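Morning, everyone. I will take you through one chain today, piece by piece. Please have the viewer open.

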Amino acid sequence: MSKKANKIPIPSLAEIQHERKRIRRKAYYRQALQSTISVLIVVAAVAVLIATLFLPILQISGDSMSPTLKHDDIVVLLKTKDFDRGDLIGFYYQGKILLKRVIALPEDVVVIDNEGNVYINTELLEEPYITDKGLGDCDLEFPYTVPGTGYFVMGDRRSNSVDSRNSVVGAITQEDIIGKVSVRVWPLSKIGFVF
């Protein structure tokens with residue numbers, strides 16, 4: 001064996017410095033990637049927690065709330081226990097979430113005539129949000145007194161809404177209510193508060 005074959009090349013000082021910079025940069029990018037992934041996981045977890053506990057997000061399915069809300073609109077609900085007449089609320093019904101409008105509060109007396117006019121405590125309810133009045137799917141006897149723990153709800157499209165007018169649904173209890181619809185976030189052209 002010759003002496004030349006056993007000779008190992010010695011790197012120059014510039015090559016050593018370049019290799020050290022490459023190794024440091026690689027460690028920096030690895031650490032930055034790990035930090036970014038950790039932050040994204042925490043942000044996602046916080047977003048899910050907020051959405052679950054305070055601001056549930058729902059996509060509208062069907063047209064019982066038309067023209068106020070359309071099929072495929074996406075809305076954000078605000079978790080609250082304070083509801084007024086006219087508020088749009090989300091509630092659980094047979095494993096589904098429905099969105100309807102609060103028409104009458106606990107202890108109110110409701111009367112709906114054959115033309116679909118709604119009277120609350122003998123006063124005609126002004127409903128600028130509906131386009132088609134009608135009695136709809138109703139099997140209640142009027143006058144109907146809302147139970148002390150319930151809310152009488154109806155869809156804005158009266159001819160196509162299953163709601164408190166049907167005894168199967170009836171008055172919605174406070175425990176079944178998820179929250180009040182506050183903001184539409186989709187479609188972007190209609191983003192804003194919902195009334």
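Let's start with a pair of charged side chains. Arg 85 and Asp 108 form a salt bridge, and their closest N and O atoms are 2.4 Å apart. This pair links distant parts of the chain, with the two positions 23 residues apart in numbering. Arg 85 sits in the loop between strand 2 and strand 3, which covers 88-93. Asp 108 sits in the loop between strand 4 (96-104) and strand 5 (109-112). Before going further, keep in mind that this is a predicted model.

Is Asp 108 buried or exposed? Asp 108 counts as buried, because its relative accessibility is 9% and the cut-off for buried is under 20%. Its partner Arg 85 is at 36%, so Arg 85 counts as partly exposed.

How many salt bridges does a search of the whole structure find? The search finds seven. I will show two others from that search.

One of them is between Asp 73 and Arg 184, where the closest N and O atoms are 2.9 Å apart. Here the two residues are 111 residues apart in the chain. Asp 73 is in the loop between strand 1 (57-59) and strand 2 (74-78), while Arg 184 belongs to strand 11, residues 177-186. Asp 73 is buried, with a relative accessible area of 3%. Arg 184 is buried too, at 12%.

The other joins Asp 156 to Arg 101, with 2.7 Å between the closest N and O atoms. Asp 156 is in the loop between strand 9 (150-154) and strand 10 (172-173), and Arg 101 is in strand 4, 55 residues away along the chain. What is the relative accessible area of Asp 156? The value is 0%, so Asp 156 counts as buried. Arg 101 has a relative accessible area of 1% and is buried as well.

Next, charges on the surface. Arg 20, Lys 21, Arg 24 and Arg 25 gather there in a patch of positive charge. Take Arg 25 as the example: it lies in helix 1, which spans residues 13-53. Arg 25 counts as partly exposed, because its relative accessibility is 41%.

Now the strands. As a reminder, strands of a sheet pair through backbone hydrogen bonds, and the pairing is either parallel or antiparallel.

Strand 1 and strand 2 run antiparallel, joined by three bridges. If you want a place to look, find Ile 57, which stands opposite Val 76 in strand 2. Strand 2 also pairs with strand 11, again in the antiparallel sense, over five bridges. At Ile 74, the bridge partner is Trp 186 in strand 11. You have met strand 11 already, since Arg 184 of the salt bridge with Asp 73 lies in it.

There is also an open sheet of four strands, in the order 7-6-5-8, with antiparallel pairing. Which strands stand at the edges of this sheet? They are strand 7 (123-124) and strand 8 (144-145). Each has a single partner strand, so one side of each is left without a neighbour in the sheet. Strand 7 is joined by two bridges to strand 6, residues 118-120, and the two run antiparallel. In that pairing, Ile 120 stands opposite Glu 123 in strand 7.

Last, a few details of the backbone. Where is the cis peptide bond that I want to show you? Look at Phe 142 and Pro 143: a cis peptide bond joins them, with omega at about 5°. Pro 143 is found in the loop between strand 7 and strand 8, and those are the two edge strands of the open sheet.

Then there are two residues other than glycine with a positive phi. One is Asp 72, with phi near 80°. Asp 72 lies in the loop between strand 1 and strand 2, and at 37% relative accessibility it counts as partly exposed. The other is Glu 107, with phi near 75°. Glu 107 lies in the loop between strand 4 and strand 5, the loop that also holds Asp 108 from the opening pair. Is Glu 107 buried or exposed? Glu 107 counts as exposed, because its relative accessibility is 54% and the cut-off for exposed is over 50%.

That is where I will stop.

Technical notes. Residues numbered from 1 in each chain as written. Predicted model: local features only at pLDDT ≥ 70, side-chain atom pairs only at ≥ 80, totals over all residues. Heavy atoms only, no water. Patch = residues over 30% accessible without salt bridge, like charges linked within 9 Å, V, L, I, M, F, W, Y side chains within 5 Å. Areas by Shrake-Rupley, 256 points an atom, 1.4 Å probe, with all protein chains shown as cover. Salt bridge = Lys/Arg side-chain N within 4 Å of Asp/Glu carboxyl O. Lys, Arg positive; Asp, Glu negative; His and termini not counted. Charge placed at Lys NZ, Arg CZ, Asp CG, Glu CD. Buried < 20%, exposed > 50% of the residue type's maximum accessible area, 1.4 Å probe, protein only. Pairing = 2+ DSSP bridges.
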